[in-house]
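Me: I have a structure open and would enjoy talking it through with someone. Could you take my questions one at a time and show me how you reach each answer?

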Amino acid sequence: MPEQVKKRLEEEIKQLEYELTTELPAEIKKAVALGDLSENAEYHMAKQRQVFVNARLGQLKKRMGELAMVNLVNIPHDKVGFGATVTVFDTSKDEEIRYKLVTSEESDVSQGLISTTSPIGRALLGKQVGDVATVITPNGKRELEVLKLVTIHDVTE
């Protein structure tokens, strides 16, 4: 797993855990001291935030577990996979485009970093040089011919 993604997730988890165990209980206690809870906006907002923080913590911890299970051995050496940099020819735009397949946390289309779970990323997964990937987008069907492939293994060697 890319270390910067892991670090960013760990920081968010740490911050949310602090909020859940320290800040929110103090807010709830302060709101309870104001009296009638049925019409106490501060109390209801703090409780809603508590539910949100709990849900977000669950999502982040699940994602950390998923990312920890990424195994480089399972990533193909000769096909598009996680970490690969792919140069494609987009027939609908009549241009060459370079993409790098990354995790959803790292994706930034303007930088050419696309998630393996995005429509383009999913279409390119498993393709080799010379293969054509068909992608259905809101603007219509696009065909991307794989011209060049550099896998994560090529970069680390």
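Reply: Happy to help; we can start with the overall fold and then go to individual strands and residues.

Me: How many helices and strands does the protein chain have, and in what order do they run?
Reply: Please keep in mind that this is a predicted model. The protein chain contains 4 helices and 5 strands. Read from the N terminus, the order of elements is α-α-β-β-β-α-β-β-α.

Me: What radius of gyration does the protein chain have, beside that of a compact globule of 157 residues?
Reply: The C-alpha atoms occupy a box of roughly 70 × 40 × 20 Å along the principal axes. For a compact globule of 157 residues one would expect a radius of gyration near 15 Å. The protein chain instead has 22 Å.

Me: What percentage of the residues of the protein chain count as buried?
Reply: Let's begin with the surface: the accessible area of the protein chain is about 10100 Å², and carbon and sulfur atoms hold 52% of it. To count as buried, a residue needs a relative accessible area under 20%. Among the 157 residues, the share that counts as buried is 35%.

Me: How far apart are the mean positions of the positive and negative charges?
Reply: The protein chain carries 21 positive and 25 negative charges. Taking the mean position of each set, the separation is 3 Å.

Me: Which strands does strand 1 pair with, and in what sense?
Reply: Strand 1 covers residues 85-90. With strand 2 it shares 6 bridges, and F89 stands opposite E96 there. With strand 5 (residues 140-150) there are also 6 bridges, and D90 stands opposite L144. The partners are therefore strand 2 and strand 5, with both pairings antiparallel.

Me: Is T87 buried or exposed?
Reply: T87 sits in strand 1. Beyond its neighbours within four places in sequence, T87 is in contact with E96, I97, R98, E145, V146, L147 and K148. Its relative accessibility is 14%, so T87 counts as buried.

Me: What is the phi of D94, and where is D94 found?
Reply: Most residues other than glycine have a negative phi. D94 is not a glycine, yet its phi is positive. At 59% relative accessibility D94 counts as exposed, and the hairpin it belongs to has 4 residues between the strands. Its phi is about 55°, and its place is the loop between strand 1 and strand 2.

Me: In which sense do strand 2 and strand 3 pair?
Reply: Strand 2 spans residues 95-102, and strand 3 spans residues 113-115. Between them there are 3 bridges, and L101 stands opposite I114. The sense of this pairing is parallel.

Me: How many residues does the hairpin that joins strand 4 to strand 5 run through?
Reply: Strand 4 (residues 132-137) and strand 5 form an antiparallel pair with 6 bridges. I136 stands opposite K141, while V132 has E145 as its bridge partner. The hairpin joins the two strands through 2 residues.

Me: Which side chains of strand 4 point to one face and are buried?
Reply: Along strand 4 the side chains alternate between two faces. V132, T134 and I136 point to one of these faces and are not buried. The buried side chains, pointing to the other face, are those of A133, V135 and T137.

Me: What distance separates the C-alpha atoms of K6 and A68?
Reply: K6 lies in helix 1 (residues 3-33), and with a relative accessible area of 29% it is partly exposed. Helix 2 covers residues 41-68. Along the chain, K6 and A68 are 62 residues apart. In space, their C-alpha atoms are separated by 8.8 Å.

Me: Which residues does E42 touch, leaving out those up to four places away in sequence?
Reply: E42 belongs to helix 2 and is partly exposed at 48% relative accessible area. Its C-alpha is 8.8 Å from that of V32, a residue 10 places away in sequence. With residues up to four places away left out, E42 touches A31 and L34.

Key
Residues numbered from 1 in each chain as written. Predicted model: local features only at pLDDT ≥ 70, side-chain atom pairs only at ≥ 80, totals over all residues. Heavy atoms only, no water. Rg over C-alpha atoms; globule rule 2.2 N^0.38 Å. Buried < 20%, exposed > 50% of the residue type's maximum accessible area, 1.4 Å probe, protein only. Areas by Shrake-Rupley, 256 points an atom, 1.4 Å probe, with all protein chains shown as cover. Lys, Arg positive; Asp, Glu negative; His and termini not counted. Charge placed at Lys NZ, Arg CZ, Asp CG, Glu CD. Contact = heavy atoms within 4.5 Å.
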